[in-house]
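Grab your viewer and a scratchpad. Here are a few exercises to work through, each with a solution right below it.

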Amino acid sequence: MGILVSILVGAVAGWLADLVFKRFSFSLFAEILLGIAGGFVGGWIFGRDGGMIDQILTAFVGAVIILGIAALIKGRSSAV
């Protein structure tokens, strides 16, 4: 059951992060992976484990951080 919850949280968080960064358009699978990775990053930053909403918000913040770093890297590589 934990894997299914992680996939659900990852899907929602990845989708929300994709809405913030509209210039990136990812597939649903990529959004899920981004959200799951964001969950790890957000969990590492905040270090807390709560309910479903808390997990989604934590994963969302982590996914936005990952997308922000990707945007910075992409911006630097296109300027060179």
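The exercises below start with the whole chain and then go down to single residues.

This is a predicted model, where local features need pLDDT of at least 70, side-chain atom pairs count only at pLDDT 80 or more, and totals for chains, interfaces and linings use all residues. Residues are numbered from 1 along each chain as its sequence is written, and side-chain values use heavy atoms, with hydrogens and water left out.

**Exercise 1. Work out the secondary structure and the overall burial of the chain.**

Step one: count the elements. You should get three helices and zero strands, taking helices as DSSP runs of H or I with at least four residues and strands as runs of E with at least two, numbered from the N terminus. Along the sequence that reads α-α-α.

Step two: check burial. The chain has 80 residues, and 30% of them count as buried; buried means under 20% relative accessible area, exposed over 50%, and partly exposed in between (1.4 Å probe, protein chains only).

Step three: add up the surface. The accessible surface is about 5,300 Å², with 74% of it belonging to carbon and sulfur atoms. Such areas come from the Shrake-Rupley method with a 1.4 Å probe, and for residues only the protein chains shown count as cover.

**Exercise 2. Compare the span of helix α1 with its expected value, then list its buried residues.**

Step one: α1 runs over residues 2-20, which is 19 residues. The expected span is 1.5 Å times one less than the number of residues. From first C-alpha to last, α1 reaches 27 Å, close to the 27 Å expected.

Step two: the buried residues of α1 are Val9, Gly10, Ala11, Ala13, Gly14, Ala17 and Asp18. Trp15, also in α1, counts as partly exposed because its relative accessibility is 46%.

**Exercise 3. Find how α2 residues sit relative to α1, using Glu31 and Leu34.**

Step one: take Glu31, in helix α2. Glu31 counts as buried because its relative accessible area is 7%. The C-alpha atoms of Glu31 and Gly14 are 4.4 Å apart, though 17 residues separate them along the chain.

Step two: move to Leu34, in α2 as well. With 11% relative accessibility, Leu34 is buried too. Leaving out residues up to four places away in sequence, Leu34 touches Ala17, Ala63, Ile66 and Leu67, where a contact means heavy atoms within 4.5 Å. Between the C-alpha atoms of Leu34 and Asp18 you'll get 9.2 Å.

**Exercise 4. Locate the nonpolar surface patch and set it beside the record.**

Step one: pick the members. They are Trp44, Ile45, Phe46, Ile65, Ile69 and Ile73, with about 640 Å² of accessible area together. Patches take residues with over 30% relative accessible area and no salt bridge, joining like charges within 9 Å and nonpolar side chains (Val, Leu, Ile, Met, Phe, Trp, Tyr) within 5 Å. A salt bridge is a side-chain nitrogen of Lys or Arg within 4 Å of a carboxyl oxygen of Asp or Glu.

Step two: assign helices. Both α2 (28-46) and α3 (52-79) supply at least two patch residues. Ile73 belongs to α3, and counts as exposed because its relative accessibility is 55%.

Step three: check the annotation. The unreviewed UniProt entry marks residues 26-46 and 53-73 as "transmembrane region"; such annotations may be inferred rather than shown by experiment, and the positions are given in the numbering used here, with feature names shortened. In the model, residues 53-73 are 100% helix and 0% strand, with end C-alpha atoms 30 Å apart.
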